[in-house]
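Colleague: I have just opened this one and would like to get my bearings. Could you walk me through it?
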Amino acid sequence: MAGKEADTRERLIKAALRVFADRGIASATLREITVEAGANVAAVNYYFRSKEELTRTVLEACLRPINESRLHSLEKLVALNGDAAIPLENLIEALVRPMVEQSLDEYGGRSPVRLLLQVRALPQPLTNTILANQFDSIHRLFVEALGRALPDLTREEIGLRYDFARGAIMQILGDLDPAARDLPDLPIKQARLDNETLIRQLVHFIAAGFRAPAFASP
């Protein structure tokens with residue numbers, strides 16, 4: 001692809017991410033995206049054929065690098081530990097670090113996180129399929145590895161705590177986005193957490209949750 005065409009396509013992807021994150025996929029218009037990108041409406045049809053294909057491209061562009069990094073980290077841990085269970089904190093860091101480091105956009109915000117939160121809150125067949133393709137296999141690998149690290153917990157308990165962990169990651173990153181309202185009694189933005197401190201705090205918190213005694217039904 002010629003340099004000018006590649007630049008236009010990349011500008012459309014970045015503009016769509018910002019507009020989708022701010023307005024929601026359903027509410028965003030192609031005109032808003034092309035104005036943000038400095039392109040014309042015909043450019044979307046030329047590069048992506050439809051808004052659906054643009055949506056797929058945007059979600060894959062921001063999610064694939066995160067999950068590829070998670071998979072790479074997990075594979076390194078498996079190679080390092082051989083047949084032994086991977087230490088819990090190492091597993092959790094492999095889950096947390098890519099999302100923390102790679103969800104920052106060029107403006108210092110967390111537009112991939114805001115978009116993902118919207119997609120999860122307003123599920124549609126297209127976005128459900130994209131999320132399944134991007135996340136299902138990596139989630140299974142982490143749940144299996146966590147099960148080996150925590151053999152006293154059932155698979156159901158591991159799966160539930162894994163979902164709690166994912167929620168904690170997304171909640172804190174969403175709250176740290178400059179566009180998010182700062183809760184008056186929880187001044188998280190004022191804490192000015194750098195990525196490394198944030199990663200350590202999340203790993204510490206999530207590990208404690210996984211190590212809690214198994215839940216006993218009444």
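Colleague: Let me start with one residue: in which helix does Thr-127 lie?

Modeller: Thr-127 lies in helix α7, and please keep in mind throughout that this is a predicted model.

Colleague: And is Thr-127 buried or exposed?

Modeller: Thr-127 counts as buried, because its relative accessibility is 6%, which falls under the 20% cut-off for that class.

Colleague: What is Thr-127 in contact with, once its neighbours within four places in sequence are left aside?

Modeller: With those neighbours left aside, Thr-127 is in contact with Ile-25, Thr-55, Leu-59 and Val-119. There is also a link to Gln-124, whose backbone oxygen lies 3.2 Å from a polar atom of the Thr-127 side chain.

Colleague: Let me move on to the helices, then. At what angle do α4 and α7 pack?

Modeller: Helix α4, which covers residues 51-81, and helix α7, which covers residues 125-149, pack at an angle of about 5 degrees, and their axes are 9 Å apart. Since angles under 35 degrees count as roughly parallel, α4 is therefore roughly parallel to α7.

Colleague: Which residues make that contact?

Modeller: On the α4 side they include Thr-55, Leu-59, Leu-63 and Leu-74, while on the α7 side Thr-127 is one of them, along with others including Ile-130, Phe-135 and Phe-142.

Colleague: How do the residues of that contact divide into nonpolar, polar and charged?

Modeller: The contact of α4 with α7 has 12 nonpolar, 4 polar and 5 charged residues. Among the charged ones are Glu-52 and Arg-56, both from α4.

Colleague: Stepping back for a moment, how many helices and strands does the chain have?

Modeller: The chain has 9 helices and 0 strands, and its C-alpha trace spans about 60 × 40 × 35 Å along the principal axes.

Colleague: What share of the residues counts as buried?

Modeller: Of the 218 residues in the chain, 40% count as buried. As for the surface, the chain exposes about 12200 Å², and carbon and sulfur atoms supply 55% of that area.

Colleague: What about contacts between residues far along the sequence, say at least 24 apart?

Modeller: If you take the contacts in the chain between residues at least 6 apart in sequence, 70% of them join residues that are at least 24 apart.

Colleague: Can you give me a pair to look at, and where is Met-170?

Modeller: Met-170 is in helix α8, residues 155-176, and it is buried because its relative accessible area is 13%. Met-170 and Ser-103 are 67 residues apart in sequence, and their C-alpha atoms are 10 Å apart in space. Leaving aside neighbours within four places in sequence, Met-170 is in contact with Met-99, Val-113, Leu-116 and Leu-117.

Colleague: Where is Glu-10, then?

Modeller: Glu-10 is in helix α1, residues 3-23, and it counts as partly exposed because its relative accessibility is 38%. Glu-10 and Val-58 are 48 residues apart in sequence, with a C-alpha to C-alpha distance of 9.9 Å.

Colleague: One last topic, the loop between α3 and α4: what is phi of Arg-49?

Modeller: Phi of Arg-49 is near 75 degrees, which is a positive value in a residue other than glycine. Arg-49 is placed in the loop between α3, residues 41-48, and α4, and it counts as exposed because its relative accessible area of 62% is over the 50% cut-off.

Technical notes. Residues numbered from 1 in each chain as written. Predicted model: local features only at pLDDT ≥ 70, side-chain atom pairs only at ≥ 80, totals over all residues. Heavy atoms only, no water. Axes fitted to C-alpha atoms, helices over the stretch in contact; angles between N-to-C directions. Helix = DSSP H or I, 4+ residues; strand = E, 2+ residues; numbered from the N terminus. Parallel < 35°, antiparallel > 145°, perpendicular 65-115°, else oblique. Contact = heavy atoms within 4.5 Å. Buried < 20%, exposed > 50% of the residue type's maximum accessible area, 1.4 Å probe, protein only. Areas by Shrake-Rupley, 256 points an atom, 1.4 Å probe, with all protein chains shown as cover. Polar contact = N/O pair within 3.5 Å; in protein donor to acceptor, adjacent residues only side chain to side chain.
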